[in-house]
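Colleague: Please go through the aromatic rings and the nonpolar core of this model with me. Short answers will do.

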Amino acid sequence: MFASGFWILIVIEAVTGALSGVLLGNLVPPLSLGRLKDAAFGAIGGIGLTWLGAQTPGVESFVEDTASDGSYIISPELLVGVGVAGLLGGALLVTIIGLFRNRFGT
């Protein structure tokens, strides 16, 4: 199964993504989907962008750090990298969905 370090990183990604989604919705009301949806889509975006970052050469060292046995090594750099990726991913997904909703009226 997954190590406890993995779950800590997932929670950080989801929480920072949700916070940025809600903050974006409050700062730019036309993009807001409602506080609960902003938080949910922000959490999904935070996890998604961090996953994409882990797949990108040169960026993966900021969001993924595993030992040879597959366990996670949690360092301050990793926590900051995951937090920043979560913030950006949450705001990005809420922005994309808000723009899509405004453009196509759904």
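Colleague: Is Phe-100 buried, partly exposed or exposed?
Modeller: This is a predicted model. The relative accessible area of Phe-100 is 48%. Buried requires under 20% and exposed requires over 50%, so Phe-100 is partly exposed.

Colleague: And which class does Phe-104 fall into, buried or exposed?
Modeller: Phe-104 has a relative accessibility of 53%. The cut-off for the exposed class is over 50%, so Phe-104 counts as exposed.

Colleague: What kind of aromatic pair do Phe-100 and Phe-104 form?
Modeller: Both residues lie in helix H4, four residues apart, which is about one turn of the helix. Their ring centres are 4.8 Å apart, with 50 degrees between the planes. Stacked needs under 30 degrees and edge-to-face over 60, so the pair is tilted.

Colleague: Which residue lies over the face of Phe-104?
Modeller: The distance to the ring centre of Phe-104 is 5.9 Å. The limit for a charge over a ring is 6 Å. The residue is Arg-103.

Colleague: What is the geometry of the pair Phe-6 and Trp-7?
Modeller: Phe-6 is buried at 17% relative accessible area, and Trp-7 is partly exposed at 43%. Their ring centres are 5.1 Å apart. The planes stand at 80 degrees, so the pair is edge-to-face.

Colleague: Which helix gives the most to the largest nonpolar core?
Modeller: That core has six residues: Leu-9, Ala-54, Val-63, Leu-78, Val-82 and Ala-85. Three of the residues come from the helix that spans residues 76-104. The helix is H4.

Definitions and conventions:
Residues numbered from 1 in each chain as written. Predicted model: local features only at pLDDT ≥ 70, side-chain atom pairs only at ≥ 80, totals over all residues. Heavy atoms only, no water. Core = buried A, V, L, I, M, F, W, Y, C linked by side-chain atoms within 4.5 Å. Buried < 20%, exposed > 50% of the residue type's maximum accessible area, 1.4 Å probe, protein only. Helix = DSSP H or I, 4+ residues; strand = E, 2+ residues; numbered from the N terminus. Phe/Tyr/Trp six-rings, centres within 6.5 Å; stacked < 30°, edge-to-face > 60°. Lys NZ or Arg CZ within 6 Å of the ring centre and 35° of its normal.
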